[in-house]
Amino acid sequence: MTWQSPISPGYSWYEATTPERPAFPVMPGSRKADVAIIGGGYTGLQAACNLARSGTDVTLIDACRFGDGASGRNGGQFGTGQRVWADETEEVLGREWAQRLFDMAENAKRYVLGFAEEHAIDIEFMPGQLSVGHKASLERDYRNHVEAMTERYGYPHLSFMDREETVSRLGSSHYHFGIRDTGTGHIHPMKLVVGLVRQAALAGAHLYEGTKALKIEKKGGAVVIETTSGTITADRALIACNGYIGNLEPVTASHVMPIRSFIGATTVLHGHTGILPGGESVDDSRFVVRYFRKSKDGRLLFGGREAYTADNPRDISAHIRRQICEIYPDLADVEITHAWGGSVGITMPRQPFCREVMPGVTTIGGYSGHGVMLANYCGKLYAELALGKSTELDLLKQLKIPAFPGGTRFRSALLFLALSWYSLRDRF
Ligand SMILES: Cc1cc2nc3c(=O)[nH]c(=O)nc-3n(C[C@H](O)[C@H](O)[C@H](O)COP(=O)(O)OP(=O)(O)OC[C@H]3O[C@@H](n4cnc5c(N)ncnc54)[C@H](O)[C@@H]3O)c2cc1C
């Protein structure tokens with residue numbers, strides 16, 4: 001029987017193509033741990049795996065199944081750097097911070113690829129990324145970005161694409177120009193989740209699914225987590241719930257906001273050889289980004305969202321088809337075999353959020369659409385920090401990430417208005 005994530009809409013093509021997804025029991029009762037982790041996406045799983053390997057007694061719980069949040073359902077694109085380009089970050093935080101954040105993301109890229117290779121996890125990596133401009137007025141920014149990355153940030157893999165090259169690499173005349181990045185690529189996200197879960201289990205982490213954290217508090221120096229199946233008493237804890245945090249912990253909830261994003265997978269595109277002949281993934285310059293790529297077996301996986309309603313669209317396929325047709329009108333009648341969505345955790349400045357929310361309790365999330373490599377790496381960095389091996393994670397703790405305005409009652413509504421406004425601007 002197929003499994004449907006209770007927290008994310010639609011049955012994904014990734015689930016359909018990962019039949020061997022392992023299942024774990026509900027926590028059998030109260031327990032003790034050196035470290036307790038809440039949330040089994042990339043962040044929590046990497047933390048658990050790295051801690052367990054070093055002999056730490058670690059318990060990881062997930063309210064649903066590992067990968068049911070964003071980690072098993074995303075666009076699979078690594079990108080390069082953080083969500084905001086380094087040269088834009090430089091204008092706000094200065095050159096040194098921009099470089100450090102960029103270097104962290106490059107470390108993350110290397111780490112994920114190295115992890116998959118070391119453990120022979122077939123994540124279906126395909127190289128190449130195209131970032132394309134939907135407004136002619138952005139051309140100077142794109143050219144400047146290539147120049148900055150090449151000359152100042154020591155990243156030699158970008159080249160500017162004029163309209164002709166953009167059209168031929170995309171197989172679409174929808175975009176004006178773009179940037180080709182040969183130093184990154186895209187993966188099958190659920191295969192990474194499954195490989196990672198297996199490594200965490202092998203390393204001796206105690207893994208429980210269907211176990212929801214209800215409350216976190218400090219009692220007599222210990223962290224006590226009340227769950228739906230007993231309590232966990234630990235020396236320290238990691239909250240890795242990202243865009244699914246709900247009401248569990250107020251600091252995370254006020255700094256990391258969920259926005260829904262949706263993906264559709266078409267049937268294998270026989271005969272459409274002009275579409276992405278180089279196999280790269282694509283993201284565009286819209287504020288409400290569209291992102292797409294071909295799978296290894298030749299389907300179009302197309303992601304985006306409409307910002308006009310906070311709910312899931314009634315028909316995700318129809319919503320995705322509209323966006324596909326704008327870029328590839330020849331695919332108007334193509335069958336969409338799977339359509340699904342998930343919550344992306346974003347922050348105000350689109351930089352990751354990491355903070356100690358009470359003594360011994362750290363929260364990490366808000367990768368703002370760049371979590372495929374960053375969430376994995378931050379989970380590993382959390383483990384290293386806990387083990388006293390590295391302090392690289394402290395870089396994120398120093399970032400001044402403001403809370404979303406509006407308080408608990410109005411936060412979502414205000415974000416929603418802002419998204420709708422920017423999505424309207426995307427059109428003109
Ligand atoms: C549709 C979509 C497309 C995306 N595309 C890309 C992309 O192309 N490239 C990119 O870099 N990033 C992308 N992202 C973002 C990326 O997937 C995330 O940044 C990353 O997976 C975050 O991992 P995580 O472990 O922090 O959180 P998640 O994977 O979201 O995991 C959080 C987990 O916490 C659990 N949880 C929540 N509350 C509780 C509780 N109270 N008790 C127990 N467990 C709880 C949930 O069940 C969930 O499993 C996309 C996201 C989505 C949704």
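Which backbone atom of Tyr-244 lies 3.4 Å from a nitrogen atom of the ligand, a carbon or an N or O atom? It's a backbone N or O atom. The views below start there and move outward.

This is a predicted model, in which local features need pLDDT of at least 70, side-chain atom pairs count only at pLDDT 80 or more, and totals for chains, interfaces and linings use all residues. Residues are numbered from 1 along each chain as its sequence is written, and side-chain values use heavy atoms, with hydrogens and water left out.

**View 1. Polar neighbours of the ligand.** Let's look at Asp-62, Ala-70 and Tyr-244. Asp-62 puts a polar side-chain atom 2.6 Å from a ligand oxygen. Ala-70 uses its backbone instead: a polar atom there is 3.0 Å from an oxygen atom of the ligand. With Tyr-244, a backbone N or O atom sits 3.4 Å from a ligand nitrogen. On its own the ligand has 1000 Å² of accessible area, and the protein covers 97% of that (areas come from the Shrake-Rupley method with a 1.4 Å probe; for residues, only the protein chains shown count as cover).

**View 2. The shell around the ligand.** There are 37 residues around the ligand, and the ones that come nearest are Thr-43, Asp-62, Ser-71, Gly-75 and Gln-77 (a residue is near a molecule or strand if one of its heavy atoms lies within 4 Å of it). Sorted by class, the shell has 16 nonpolar, 18 polar and 3 charged residues. Here Ala, Val, Leu, Ile, Met, Phe, Trp, Tyr, Cys and Pro count as nonpolar, Asp, Glu, Lys and Arg as charged, and the others, Gly among them, as polar. Two helices and two strands each give two or more residues to this shell: helix H2 (42–53), strand E10 (257–268), strand E14 (336–346) and helix H10 (371–386). Helices (H or I, at least four residues) and strands (E, at least two) are DSSP runs, numbered from the N terminus.

**View 3. The largest cavity.** The model has 4 cavities of 30 Å³ or more, and the largest holds about 40 Å³ of space. A cavity is a set of points, on a 1 Å grid over the protein atoms alone, where a 1.4 Å probe fits but cannot get out; lining residues have an atom within 4 Å of a point. Grid points are joined across faces, edges and corners, and the volume is the space filled by probe spheres set on the points. Around the largest cavity you'll find Gly-81, Gln-82, Val-84, Trp-85, Ala-86, Thr-89, Ala-98, Leu-101 and Phe-102. Helix H3 (86–93) and helix H4 (95–118) are the elements that give two or more residues to this lining, and H4 gives the most, with 3 residues. The lining has 6 nonpolar and 3 polar residues, but no charged ones.

**View 4. The loop between H4 and strand E3 (126–133).** His-119 lies in this loop, and so do Ala-120 and Glu-124. His-119 counts as buried because its relative accessible area is 17% (buried means under 20%, exposed over 50%, partly exposed in between, with a 1.4 Å probe and protein chains only). Ala-120, on the other hand, is exposed at 71%. Ala-120 also has a positive phi, near 50 degrees, though it's not a glycine. Glu-124 is buried, with a relative accessible area of 16%. As for partners, the side chain of His-119 makes a polar contact with the side chain of Gln-199 (3.3 Å), while a 2.9 Å polar contact joins the side chains of Glu-124 and Lys-191. A polar contact is a pair of N or O atoms within 3.5 Å; within protein, one must be able to donate a hydrogen and the other to accept it, and residues adjacent in sequence count only if both atoms are side-chain atoms.

**View 5. Arg-350 and Phe-353.** Arg-350 is in the loop between E14 and strand E15 (353–358), and Phe-353 lies in strand E15. Arg-350 has a positive phi of about 60 degrees without being a glycine. Both are buried: Arg-350 has a relative accessible area of 17%, and Phe-353 has 1%.

**View 6. Leu-214 in strand E7 (residues 213–219).** Leu-214 is partly exposed, at 44% relative accessibility. Along the chain, Leu-214 and Ala-63 are 151 residues apart, yet 9.8 Å separates their C-alpha atoms.

Technical notes. On a 1 Å grid over the protein atoms alone, a cavity is a set of points where a 1.4 Å probe fits but cannot get out, and a pocket is an open set with protein on both sides within 12 Å along at least five of seven lines; lining residues have an atom within 4 Å of a point.
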